[in-house]
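Here are some short exercises to help you find your way around a new model. Try each task on the structure first, then read the solution.

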Amino acid sequence: MHYEVLTSNVAQVEADVLVVGFFAADAGKEKKKEALDGPVYTPSALEVESASSGALSRLIASGDITGKKGESVVLYALEGIKARRVLVLGLGEIGKFDAQAYVALHRKIAAKAGAQSIVLTSEEWTPEGRTYAWAARSAVRAILFGGAKIKGLKTKPVEEKPLKSVFWVTNDEQAQNEVALAVRQGAALAQAMIWGKQLADLPPNICTPSFVAEAAQALAEEINTEKGWKDKKEGKNRNKCVRCTVFDADELEKRGMQGILSVGQGSRQKPCLVELAYSGAAGEAPICIVGKGITFDAGGLNLKPGRSMPEMKYDMCGAAAALAVVKAAAELELPVNITALAPCAENLPSGKALKPADVITMANGMTVEVLNADAEGRLILADALSYADSLKPAACLDLATLTGACIVALGTDVTGLFTDDDALAQELLEAADAADDAAWRMPMGGRYRELLKSNCADIVNTGNQPHSGACTAATFLKEFAPHCPWAHLDIAGPANTSGADRQSTSRPMPLVFEWLLKRLEKASEKKDLGSQHEA
Ligand code: BES
Ligand code: MN
Ligand code: ZN
């Protein structure tokens with residue numbers, strides 16, 4: 001992948017496609033004066049207009065571009081323009097072009113452009129309240145991931161023409177370095193999202209717990225090789241590296257991780273716990289990201305109805321996202337330690353399967369009465385969370401396609417955010433907003449804990465009544481991460497699309513990544529202040 005930040009002359013850039021936009025005349029305040037004046041030229045549109053001796057004004061005269069949202073016209077081989085095509089987009093009214101519209105449009109540009117090299121002038125469309133760096137990061141992420149297709153296993157695979165070069169046009173020479181970094185961040189995130197998506201889209205006969213473990217190991221190997229981190233003693237980056245450890249069934253047994261083991265015991269596929277750790281800040285407490293890795297959830301002995309089963313290959317999307325966050329962080333060599341933990345198992349019915357009413361002892365010593373074998377996610381997460389908690393992390397997030405109840409509450413597009421830590425909630429909600437990766441805070445603890453009482457064990461794995469399933473699940477999880485700042489993201493809805501064209505979305509990676517970057521930004525500001533005080 002090739003990225004370049006340009007400050008001049010869009011007409012002269014050689015590429016497959018150059019994208020320019022028009023806003024619609026604002027129907028707001030200045031209605032009377034300007035409403036009839038036609039679409040509003042962005043600076044690049046003006047440049048194209050003059051370099052091409054009026055191609056855009058002729059286009060507008062034809063009536064095909066008025067600036068309305070959704071309009072798009074492709075112009076070929078314009079004189080005076082080096083790009084082979086110019087994609088002209090209507091952006092709608094400037095006042096309505098918010099962050100959500102900005103990201104949504106970029107998701108579509110990949111498909112519309114169908115190009116291998118692209119010149120983007122979308123900095124000129126930066127929504128109010130956002131920085132140019134945000135605009136660059138979001139646009140590049142959305143375009144690169146928006147172009148990712150399901151890979152599939154068709155005997156005649158669809159031919160792919162992936163984007164190879166991105167030229168980002170900036171009008172702010174001062175901010176050039178910042179914008180260039182943002183472009184890299186967007187690309188690293190998108191590439192990690194694609195890695196996670198490809199893993200999650202695989203069928204469950206291929207993507208088994210051991211397959212996930214091998215994928216994580218291969219990823220660590222690849223990053224260490226590429227970055228020259230293999231021999232940690234050499235080079236200036238000797239403190240940085242990615243390390244993958246797989247706890248196999250024997251190791252889980254030794255550690256008393258009966259939550260993971262008992263969920264996996266009905267399957268021929270052995271469960272495991274994958275730990276993928278990136279160290280980029282020697283000596284600092286890690287951030288733990290725990291991801292649910294049920295590679296297929298048949299519901300165990302509480303068998304699911306057939307029609308809702310195929311989607312349960314996506315029950316490992318949390319694991320894929322957690323591992324992929326490490327890839328993005330390592331790619332950018334962020335000054336942070338991140339430990340991804342992916343407990344992996346297959347939840348199947350069999351003569352050896354976990355039975356409703358079994359009582360198991362978890363890694364932290366707590367006993368759980370398993371009332372429903374289909375509430376398996378919290379059992380595997382519990383052991384992983386206990387382990388995470390023991391690492392004394394600065395913060396711990398878990399990502400899990402945990403409950404159908406969360407979809408009932410919030411729909412398929414919004415992630416359920418559960419935490420008892422108000423500051424962390426605030427950070428995550430801000431990141432959700434910045435990344436256009438919607439999340440909504442939900443209640444937990446307190447009264448919901450009452451619903452998890454057992455008469456024979458410390459806790460039950462499902463409430464004794466059918467309501468508030470997402471909230472009781474979160475409340476259950478917190479029992480296993482008692483000491484660290486923790487938040488749970490229920491991504492049962494957003495992790496994948498449904499129906500015939502079901503696919504992984506790699507959500508909530510944008511949210512988590514944005515949160516990480518913001519945290520690092522704040523930490524470095526604090527450091528700067530500290531050194532000023534010392535001086
Ligand atoms: N993986 C499912 C949750 C799920 C449901 C994800 C639909 C995506 C779409 C989870 O393991 C599960 O089965 N949860 C149960 C919990 C119940 C038994 C308390 C559920 O939501 O029905
Ligand atoms: Mn289940
Ligand atoms: Zn599940």
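A helix here is a DSSP run (H or I) of at least four residues, a strand is a run (E) of at least two, and both are numbered from the N terminus. Keep in mind that this is a predicted model.

**Exercise 1: a loop residue with positive phi**

Task: Find the loop that holds Lys-392, and decide whether Lys-392 is buried, partly exposed or exposed.

Solution:
- Step 1. Go to helix H11 (377-390) and strand S15 (395-400); Lys-392 sits in the loop that joins them.
- Step 2. Check its backbone: phi is near 50 degrees, which is positive even though the residue is not a glycine.
- Step 3. Its relative accessible area is 67%. Exposed means over 50%, so Lys-392 counts as exposed.

**Exercise 2: another positive phi**

Task: Work out where Ala-357 lies and what phi it has.

Solution:
- Step 1. Look between strand S12 (337-347) and strand S13 (359-361); Ala-357 is in the loop there.
- Step 2. Read its phi, which is positive at about 105 degrees, although Ala-357 is no glycine.
- Step 3. With a relative accessible area of 48%, Ala-357 is partly exposed.

**Exercise 3: the zinc site**

Task: List the protein donors of the zinc ion (ligand 3) and name the geometry of its site.

Solution:
- Step 1. Start at the ion and pick out Lys-292 (NZ), Asp-297 (OD), Asp-315 (OD) and Glu-376 (OE), at 2.0 to 2.4 Å from it.
- Step 2. Trace these donors along the chain: their spacing is K-x4-D-x17-D-x60-E.
- Step 3. Look at the angles. The six donor atoms of the zinc ion (ligand 3) make angles of 78 to 175 degrees, and the site is octahedral.
- Step 4. See how covered the donors are. Lys-292 has a relative accessible area of 1% and is buried. Asp-297 is buried too, at 3%, and Glu-376 is buried at 1%.

**Exercise 4: the manganese site and the shared residue**

Task: Do the same for the manganese ion (ligand 2), then say which residue bridges the two metal ions.

Solution:
- Step 1. The protein donors of the manganese ion (ligand 2) are Asp-297 (OD), Asp-374 (O), Asp-374 (OD) and Glu-376 (OE), at 2.1 to 2.2 Å. Asp-374 turns up with both O and OD.
- Step 2. Along the chain, the spacing of these donors is D-x76-D-x1-E.
- Step 3. Six donor atoms surround the manganese ion (ligand 2), with angles of 71 to 171 degrees, and the site is irregular.
- Step 4. Asp-374 is partly exposed, with a relative accessible area of 22%.
- Step 5. Now bring in the zinc ion (ligand 3): the two ions are 3.1 Å apart, and Asp-297 coordinates both.

**Exercise 5: ligand 1 and its surroundings**

Task: Describe what kinds of residues surround ligand 1, and find its polar contacts.

Solution:
- Step 1. The shell has 16 residues, and Asp-297, Lys-304, Asp-374, Glu-376 and Gly-404 come nearest.
- Step 2. Sort the shell by type: four residues are nonpolar, five are polar and seven are charged.
- Step 3. Look for oxygen atoms of ligand 1. One lies 2.7 Å from a polar side-chain atom of Lys-304. For Asp-374, a polar side-chain atom is 2.8 Å from an oxygen of ligand 1. Gly-404 uses a polar backbone atom, at 2.7 Å.
- Step 4. Check the cover: on its own, ligand 1 exposes 510 Å², and the protein buries 78% of this.

**Exercise 6: Ser-454 and its partners**

Task: Find out what the side chain of Ser-454 contacts.

Solution:
- Step 1. Locate Ser-454 in the loop between helix H14 (447-450) and strand S18 (459-460).
- Step 2. Its relative accessible area is 17%. Buried means under 20%, so Ser-454 is buried.
- Step 3. Follow the side chain to that of Glu-369, with which it makes a polar contact of 2.7 Å. A polar atom of the Ser-454 side chain also lies 2.9 Å from the backbone nitrogen of Ala-457.

**Exercise 7: a cis bond and a covered helix**

Task: Locate the cis peptide bond that leads to Pro-508, and say how many residues of H15 are buried.

Solution:
- Step 1. The bond runs from Arg-507 to Pro-508, with omega near 5 degrees.
- Step 2. Pro-508 belongs to the loop between strand S19 (486-490) and helix H16 (509-534).
- Step 3. Move to helix H15 (residues 469-478): nine of its ten residues are buried. Among them are Cys-471, Phe-476 and Leu-477.

Notes
Residues numbered from 1 in each chain as written. Chains lettered and ligands numbered in written order. Predicted model: local features only at pLDDT ≥ 70, side-chain atom pairs only at ≥ 80, totals over all residues. Heavy atoms only, no water. Donors = N, O, S within 2.8 Å, 3.2 Å for Na, K, Ca; no water. Tetrahedral: all angles 85-135°; square planar, octahedral: opposite > 155°, others 65-115°. Buried < 20%, exposed > 50% of the residue type's maximum accessible area, 1.4 Å probe, protein only. Near = heavy atom within 4 Å. Polar contact = N/O pair within 3.5 Å; in protein donor to acceptor, adjacent residues only side chain to side chain. Areas by Shrake-Rupley, 256 points an atom, 1.4 Å probe, with all protein chains shown as cover. Nonpolar A, V, L, I, M, F, W, Y, C, P; charged D, E, K, R; others polar.
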